[in-house]
Amino acid sequence: MKNKLNQGSSSLFYVACKGLKYFLLTLLGFAIAFVMSRVFGVSQVVQMLLYPSIWAWIFRIAVSIFCLFAVAIIYESSR
């Protein structure tokens, strides 16, 4: 089965979509770990997931993916 996303569009947009996919899967994993640790009363995991440094890195990655999408959109519109 061929990927319709890669036909006619740049590989930069494809990489941005893959990055967004794995970023959202990571956030989903964090949410599942947070809920499961709250349910079972493992406070160390909850405290680890609430560190400001982890959320700072998540924010940096989100901004980087957003910028990658912006560059891909500008590149595609200029072609």
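Visitor: How many disulfides does a search of the whole structure find?
Guide: Zero. A disulfide needs two cysteine sulfur atoms within 2.5 Å of each other. This is a predicted model, where local features need pLDDT of at least 70 and side-chain atom pairs pLDDT 80 or more, while totals for chains, interfaces and linings use all residues. Numbering starts from 1 along each chain as its sequence is written, and side-chain values use heavy atoms, without hydrogens or water.

Visitor: Is Cys 17 buried, partly exposed or exposed, and why?
Guide: Its relative accessibility is 24%. Buried means under 20%, exposed means over 50%, and partly exposed lies in between (1.4 Å probe, protein chains only). So Cys 17 is partly exposed. Cys 67, at 41%, is therefore partly exposed too.

Visitor: How many helices and strands does the protein have?
Guide: Three helices and zero strands. Both are DSSP runs numbered from the N terminus: H or I over at least four residues for a helix, E over at least two for a strand. Along the sequence the pattern reads α-α-α.

Visitor: What span should α1 have, and what do its end C-alpha atoms show?
Guide: The expected span is 1.5 Å times one less than the number of residues. For the 30 residues of α1 that gives 44 Å. The end C-alpha atoms are 43 Å apart, so the two agree. For α3, with 27 residues, 39 Å is expected and 39 Å is found, so this agrees as well. Just after α1, Gly 41 takes a positive phi of about 75°.

Visitor: Which residues of α1 are buried?
Guide: Ala 16, Phe 23 and Ser 37. Their cover includes α2 (43-49) and α3 (52-78). In α3, the buried residues are Ile 58, Ile 65, Phe 69 and Ala 72. They pack against α1. Of the protein's 79 residues, 14% count as buried.

Visitor: What share of the contacts with a separation of 6 or more joins residues 24 or more positions apart?
Guide: 63%. Contact means heavy atoms within 4.5 Å.

Visitor: Which residues form the nonpolar patch on the surface?
Guide: Tyr 22, Leu 25, Leu 28, Ile 32, Val 35, Met 36, Val 39, Phe 40 and Val 42. Together they have about 880 Å² of accessible area (Shrake-Rupley method, 1.4 Å probe). Patch members need over 30% relative accessible area and no salt bridge; nonpolar side chains are joined within 5 Å, like charges within 9 Å. A salt bridge puts a Lys or Arg side-chain nitrogen within 4 Å of an Asp or Glu carboxyl oxygen.

Visitor: Why does Leu 28 count as partly exposed?
Guide: Its relative accessible area is 48%, so it is partly exposed. Leu 28 sits in helix α1 (residues 11-40).
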